[in-house]
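Visitor: Could you pick one part of this model and take me through it closely, then work outwards from there? I'd like the numbers along with the picture.

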Amino acid sequence: MALALVAGVTLATTAVSGPASAASPGAPIIIGDLCSCTGPEASTISQTTDVVHAWASSVNAKGGLDGHPVQIVVKDDGYNPATSQGDAQALVQQDHVVAIFDNSDEDNVWATYVEQQKVPVIGATESNAGYENPDFFPPGGTINFDGGAGTLQAHAAGIRPRPSSIASR
């Protein structure tokens with residue numbers, strides 16, 4: 001899934017008409033990585049930052065994005081909503097990111113803010129932002145979507161649930 005996150009950034013950053021397109025030749029394109037890298041799901045989420053850095057290194061080794069090196073700014077919200085909101089604001093207002101990788105389990109607290117700021121978000125949304133925010137680019141179906149889509153596909157294929165062994169006793 002982390003590889004799918006980095007695959008979408010080129011589209012999002014080239015669609016941005018803000019700092020990236022106004023940047024002088026060679027000026028860095030700054031992309032945020034807002035993660036819940038510490039906290040209860042750290043063993044899973046923290047890996048995404050390594051993948052984002054590996055992607056940036058690979059892109060930079062090939063001359064960057066349209067001649068601009070990619071710079072990654074990581075903010076760890078520690079699975080804390082207030083920290084996550086502050087991190088999102090810092091990425092936009094202080095770091096001037098052109099996009100954010102969403103590796104946070106607290107994206108619901110900052111989704112509206114980044115939408116208002118017109119900052120594209122690439123990644124695994126843990127909220128309805130992937131449905132409701134046109135600036136969110138999930139790498140596939142969101143968590144909310146996947147379960148329902150699978151159920152509809154199974155139903156369309158004629159697959160019906162079996163009664164559980166407990167219920168049939």
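Guide: Sure. One term before we start: a contact here means heavy atoms within 4.5 Å. The model is predicted, so let's begin where the predictor is at its most confident. Among the elements of the protein chain, helix 5 has the highest mean pLDDT, 98, while helix 1 (residues 2–7) has the lowest, 41. Helix 5 is our part, then.

Start with its length. Helix 5 takes in residues 81–93, which is 13 residues; at 1.5 Å a residue they should span 18 Å, and the end C-alpha atoms are indeed 18 Å apart, so expectation and model agree. Just before the helix sits Asn80, which caps the N-terminal end: one of its side-chain oxygens lies 2.9 Å from the backbone nitrogen of Ala82.

Now for the inward-facing side of the story. Ser84, Asp87, Ala88, Ala90, Leu91 and Val92 are the buried residues of helix 5. As for what covers them, the list includes three strands, namely strand 1 (29–35), strand 2 (70–76) and strand 3 (99–103), along with helix 6 (111–117).

Those covering elements give us a route outwards. Take the loop between helix 5 and strand 3, where you'll find His96. Most residues other than glycine have a negative phi. His96 goes the other way, with a positive phi of about 55°. It counts as partly exposed because its relative accessibility is 49%. There's a similar case past helix 6: Lys118 lies in the loop between helix 6 and strand 4 (121–123). The phi of Lys118 is positive as well, near 60°. With a relative accessible area of 60%, Lys118 is exposed.

Strand 3 itself leads to some ring geometry. The whole structure holds 2 aromatic pairs. One of them joins Trp55 and Phe101, edge-to-face, with 6.0 Å centre to centre and 85° between the planes. Since Trp55 belongs to helix 4 (residues 42–61) and Phe101 to strand 3, the pair ties together parts that are 46 residues apart in sequence. Both partners, Trp55 and Phe101, are buried.

Helix 4 has another residue to look at, Thr48. Its relative accessibility is 13%, so Thr48 counts as buried. The Thr48 side chain makes a polar contact of 3.4 Å with the side chain of Asn103.

Strand 1, also part of the cover over helix 5, brings us to the cysteines. Searching the whole structure turns up 1 disulfide. It links Cys35 and Cys37, whose sulfur atoms are 2.0 Å apart. The link is left-handed, with -120° about the S-S bond, and Cys35 and Cys37 are both buried.

Last, a word on how far to trust all this. Over the protein chain the mean pLDDT is 79, with 71% of the residues at 70 or more. The stretch to watch is residues 1–24, where pLDDT stays under 50, even though the model has 39 contacts there beyond four places in sequence. Where pLDDT is low, the predicted coordinates should not be read in detail. For helix 5, with its mean pLDDT of 98, the picture is the one to start from: an N-terminal cap from Asn80, and buried residues covered by elements that include strands 1, 2 and 3 and helix 6.

How values were computed: Residues are numbered from 1 along each chain as its sequence is written. This is a predicted model: local features need pLDDT of at least 70, side-chain atom pairs count only at pLDDT 80 or more; totals for chains, interfaces and linings use all residues. Side-chain values use heavy atoms; hydrogens and water are left out. Helices (H or I, at least four residues) and strands (E, at least two) are DSSP runs, numbered from the N terminus. The expected span of a helix is 1.5 Å times one less than its number of residues. Buried means under 20% relative accessible area, exposed over 50%, partly exposed in between (1.4 Å probe, protein chains only). A polar contact is a pair of N or O atoms within 3.5 Å; within protein, one must be able to donate a hydrogen and the other to accept it, and residues adjacent in sequence count only if both atoms are side-chain atoms. A disulfide is a pair of cysteine sulfur atoms within 2.5 Å. pLDDT is the predictor's confidence in each residue, from 0 to 100. Rings of Phe, Tyr and Trp (its six-membered ring) pair if their centres lie within 6.5 Å; planes under 30 degrees apart count as stacked, over 60 as edge-to-face and the rest as tilted.
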